[in-house]
Amino acid sequence: MKKIALTGNIGSGKSVVAKMFHVLGISIFNADMEARQAYFDDTVKDKMVSIFSDIILSSNGEVDTKIVASIIFKDKEALKTVNSIIHPLVLEKYNSWCNEHNTEIYTLHEAAIIFENNLQNNFDAIINVSAPSDLRIARVMERDNITEELVRERMVNQLSDKTKCELSHFVIHNDGKSFLIPQVTLIHNKLISNKS
């Protein structure tokens with residue numbers, strides 16, 4: 001089984017692209033969703049509270065990811081610390097997920113920060129979903145109902161779109177002008193025709 005990473009900066013539309021691959025019968029591991037689930041793990045919660053205190057807990061005693069986000073997107077060291085807690089758990093889940101899907105030609109690992117976490121060598125190929133920054137900002141503002149300033153704070157922690165395109169094996173342009181389905185189909189056909 002080939003392990004393919006699907007990445008793209010915030011607001012690029014990688015989840016839309018992932019759904020298209022899923023329609024083609026490809027299994028998707030959503031690393032960002034698994035990372036959000038990891039916050040409900042008691043060990044993770046205890047570690048997070050020991051670092052940030054119980055200000056990060058919601059009224060029901062669970063980790064409030066919005067509060068955590070407001071801290072880590074302004075503090076790179078805090079972001080590194082949280083990643084060092086969350087990412088080993090996600091990787092463990094991914095490895096066991098791969099074992100369950102090892103008869104497939106290829107699978108997709110959907111995650112925003114592949115290069116930022118130096119994970120690129122774990123994959124046989126990387127697909128980057130690319131979109132202009134002004135379009136990405138508008139999408140996230142509408143999707144998350146947040147200000148442009150908050151979107152820009154998140155964008156600072158990601159590599160530039162240009163760099164991700166240069167480092168990736170495939171690029172899908174989601175600029176509102178290019179059709180996505182032909183781009184997805186072309187990459188899919190290349191991945192299934194080269195079965196090695």
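Two exercises with worked solutions follow.

The model is predicted, so local features need pLDDT of at least 70, side-chain atom pairs count only at pLDDT 80 or more, and totals for chains, interfaces and linings use all residues. Residues are numbered from 1 along each chain as its sequence is written, and side-chain values use heavy atoms, with hydrogens and water left out.

**Exercise 1.** Find which residues have the most contacts inside the largest nonpolar core, and which helix supplies its largest share.

*Solution.* Begin with the term: a nonpolar core is a set of buried (under 20% relative accessible area, 1.4 Å probe, protein chains only) Ala, Val, Leu, Ile, Met, Phe, Trp, Tyr and Cys residues joined through side-chain atoms within 4.5 Å. The largest such core has 27 residues, and Y39, M48, V68, V82 and I86 have the most contacts inside it. At least two residues each come from α2 (31–38), α3 (42–52), α4 (65–72) and α5 (76–100), where helices are DSSP runs (H or I) of at least four residues, numbered from the N terminus. The largest share, nine residues, belongs to α5.

**Exercise 2.** Determine whether buried E153 has a salt bridge.

*Solution.* First locate E153, which lies in helix α7 (residues 148–155). Next list its contacts (heavy atoms within 4.5 Å): leaving aside neighbours within four places in sequence, E153 touches F73 and K74. Finally apply the criterion, which asks for a side-chain nitrogen of Lys or Arg within 4 Å of a carboxyl oxygen of Asp or Glu. The nearest side chain of opposite charge, K74, is 4.4 Å away, and E153 has no salt bridge.

Definitions and conventions
Buried < 20%, exposed > 50% of the residue type's maximum accessible area, 1.4 Å probe, protein only. Lys, Arg positive; Asp, Glu negative; His and termini not counted.
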